[in-house]
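Please work through the following exercises with the sequence and the structure open beside you. Each task is followed by a solution that goes step by step.

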Amino acid sequence: MENLDQQNKYFRAKERVEEIKKFYGTIGSSVVTIALVASLNYYLNEWRNPWFLWVVLGFGLSLTFKALKIFDMYPFMNKDWEERKIQEFMKQDENRKDGIK
């Protein structure tokens, strides 16, 4: 039983590391994309109309929400909330089987 618990912990930790690794890859690709779009903006109108900032805003918001979720800083519907809801639904299901509403 203890071995199974250790394996579960290992797999959860491994999944979390993969999520963080993917997040850092997303940051890298976002920086490259923003640099390309900013260069295109400069080439076309020398930043008289800095429309590339909309791209920066979009990537910034997206990365912020991903970081909040990955690093468990999301104030709404975090892991604790998920666990409470799972337990609540399991209890409701158990009560239905017992004939209690």
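**Exercise 1: an acidic residue and its partner**

Aspartate 5 has a relative accessible area of 36%, so the residue counts as partly exposed. The model is a predicted one, and the exercises below should be read with that in mind.

Task: Identify which residue forms a salt bridge with aspartate 5, and state how the two are placed in helix 1.

Solution: Begin with the contact itself, in which aspartate 5 is paired with lysine 9, the closest N and O atoms lying 3.8 Å apart. This separation satisfies the criterion, because a salt bridge requires a side-chain nitrogen of Lys or Arg within 4 Å of a carboxyl oxygen of Asp or Glu. Next consider the positions: both residues belong to helix 1 (residues 2-45) and are 4 residues apart, so about one helical turn separates them. Finally, lysine 9 has a relative accessible area of 42% and is therefore partly exposed.

**Exercise 2: the other salt bridges**

Task: How many salt bridges does the rule give, and is lysine 21 buried or exposed?

Solution: The count comes to 3 salt bridges. Besides the pair already treated, glutamate 18 forms a salt bridge with lysine 21, with 3.9 Å between the closest N and O atoms; these two residues lie in helix 1, 3 residues apart, which is about one turn of the helix. Their accessibilities should be classified separately: glutamate 18, at 40%, is partly exposed, whereas lysine 21, at 53%, counts as exposed because the limit for that class is over 50%.

In helix 3, the side chains of glutamate 88 and lysine 85 meet in a salt bridge with an N to O distance of 3.4 Å, and the residues are 3 positions apart, so that about one helical turn lies between them. Glutamate 88 is partly exposed at 34% relative accessibility, and lysine 85 is likewise partly exposed, at 25%.

**Exercise 3: a nonpolar surface patch**

Task: Which residues form a nonpolar patch on the surface, and where is phenylalanine 76 placed?

Solution: The patch consists of Trp54, Leu57, Leu61, Phe65, Tyr74 and Phe76, which together have about 690 Å² of accessible area. To place phenylalanine 76, look at the loop between helix 2 (52-70) and helix 3 (79-97), where this residue is found. Its relative accessibility is 54%, so phenylalanine 76 counts as exposed, and this value also meets the condition for patch membership, because patches are made of residues with over 30% relative accessible area and no salt bridge.

Key
Residues numbered from 1 in each chain as written. Predicted model: local features only at pLDDT ≥ 70, side-chain atom pairs only at ≥ 80, totals over all residues. Heavy atoms only, no water. Patch = residues over 30% accessible without salt bridge, like charges linked within 9 Å, V, L, I, M, F, W, Y side chains within 5 Å. Areas by Shrake-Rupley, 256 points an atom, 1.4 Å probe, with all protein chains shown as cover. Buried < 20%, exposed > 50% of the residue type's maximum accessible area, 1.4 Å probe, protein only.
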